[in-house]
Each structure stands twice: as structure tokens, then as C-alpha cells.
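Reader: I'm new to reading protein models, and I'd love a close look at just one part of this one. Could you pick a helix and walk me through it slowly?

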Amino acid sequence: MNGFSAGEEDSRGPPDQVCCLVDDGFRCHRPAGNASYSKRIQKTVTQRRLKLHLDLVARHIYICDYHKGVIQSARSKRKRKDSEDDSNETDTDIPDVDFYQLQLNTLRRYKKYYKVTTRPSINKAQLADTLLKHFKTIPVNEKEALSYFIYTVKSNNKLDQKNSNENT
């Protein structure tokens, strides 16, 4: 008819429906929620090497709230280094720079300075995408950059220069 049920089912499915996942060899018996075990979720489970798979006997793809939480927490976990002080590795986190907010002239100057090649008829969004990809590939030694920044601020501070001129 119109695709809607007559009220006997809600979005969680029938009350007797249980989770469709097998967790480390054991079928889950928790009640199924409204989250489904989609291809994207399967990819996350495979990448994170979770011991979950779809029960082939189940006639649906709804998972329980417990497994939904397990999958979400596995997706959001980041691997962190134990000690950044002892290693010379660069940080692999994605920098929080929004190239789309920069002016077109700024993007062009960046492109010219780093000699990034692009096609001639490129719009601002495409240029920002290209430059952001380039920006992510630049290696940065954080300790060295911060030390140089502090040195520059201390040695070129105009307030210090004004104070020294007033005292003489």
C-alpha cells in the first residue's frame, strides 16, 4: 500500500528480533535496535579487526545497542604515541587548516611559493583541495618550529625595541 506498517512494528523492528551478529564465535542474544549492519559498518569491523560477523541464519541486519557502541568506539579511537619527546617522527594527525576560507590571492601565492602545479582553468574550491593535499604532505619538526617561533618573537619584539629606545 503506502509502505508504512499498520502500527504493529516500530523503527526497532519486532520485539522478538535479536541482534544479527556473531561475536567471537557466539551469537548475540540482545534485542536488536534500529542500527543496521551496513557495508560501511562491515568495512570498519574488518579494518579494526573486530571479531564480529553477520550470522547467516539471521533474516535481518539490525544490531543491538551494545555492538553499535563497540563499533562506534572502535571507529573513533586514535592511536597515540607513547612518547613524542623521544621520537623524531612527524605527527600524522590531519592539520586543522581550512583552505576554503582563504582568499584566492593567498591560495595563488601559496601555489607559487611551493611551485604546486595545477591546470590553468581551476576554480577556488579545486585549488583549495589541491593545496590542502599538498599542505598535508609537508613534514614538520614541531620542536624546531616552536623553538624558532619563540626565538623570532623574543628577538624581533617591537615592544622590547621601544622600551630599549626609551631607556637610552
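Author: Happy to; here is a walk along helix H4, followed by a word on how far to trust the model around it. Keep in mind from the start that this is a predicted model.

Helix H4 covers residues 124–136. Let's begin with its length: at 1.5 Å a residue, its 13 residues should span 18 Å, and the end C-alpha atoms are indeed 18 Å apart, so the two values agree. Just at the start of H4, look for Asn 123, where a side-chain oxygen comes within 3.2 Å of the backbone nitrogen of Ala 125.

Now turn to the residues tucked away from the surface. In H4, the buried ones include Leu 127, Ala 128, Leu 131 and Leu 132. Around the axis they take up an arc of only 135 degrees, which means that they lie on the same side of H4. What lies over the buried residues of H4? Part of the cover is helix H3, residues 104–114.

How confident is the predictor? H3 is a good partner to study, as its mean pLDDT of 93 is the highest among the elements of the protein chain, while helix H6 (residues 158–167) has the lowest, 56. Over residues 1–11 the pLDDT is below 50, and this stretch has two contacts in the model beyond near neighbours in sequence. Residues 81–91 also stay under 50, with 10 contacts beyond four places in sequence. Where pLDDT is low, the predicted coordinates should not be read in detail. For the protein chain as a whole, the mean pLDDT is 77, and 72% of the residues reach 70 or more.

Methods: Residues are numbered from 1 along each chain as its sequence is written. This is a predicted model: local features need pLDDT of at least 70, side-chain atom pairs count only at pLDDT 80 or more; totals for chains, interfaces and linings use all residues. Side-chain values use heavy atoms; hydrogens and water are left out. Helices (H or I, at least four residues) and strands (E, at least two) are DSSP runs, numbered from the N terminus. The expected span of a helix is 1.5 Å times one less than its number of residues. Buried means under 20% relative accessible area, exposed over 50%, partly exposed in between (1.4 Å probe, protein chains only). The arc is that of the directions from the helix axis to the C-beta atoms. Contact means heavy atoms within 4.5 Å. A polar contact is a pair of N or O atoms within 3.5 Å; within protein, one must be able to donate a hydrogen and the other to accept it, and residues adjacent in sequence count only if both atoms are side-chain atoms. pLDDT is the predictor's confidence in each residue, from 0 to 100.
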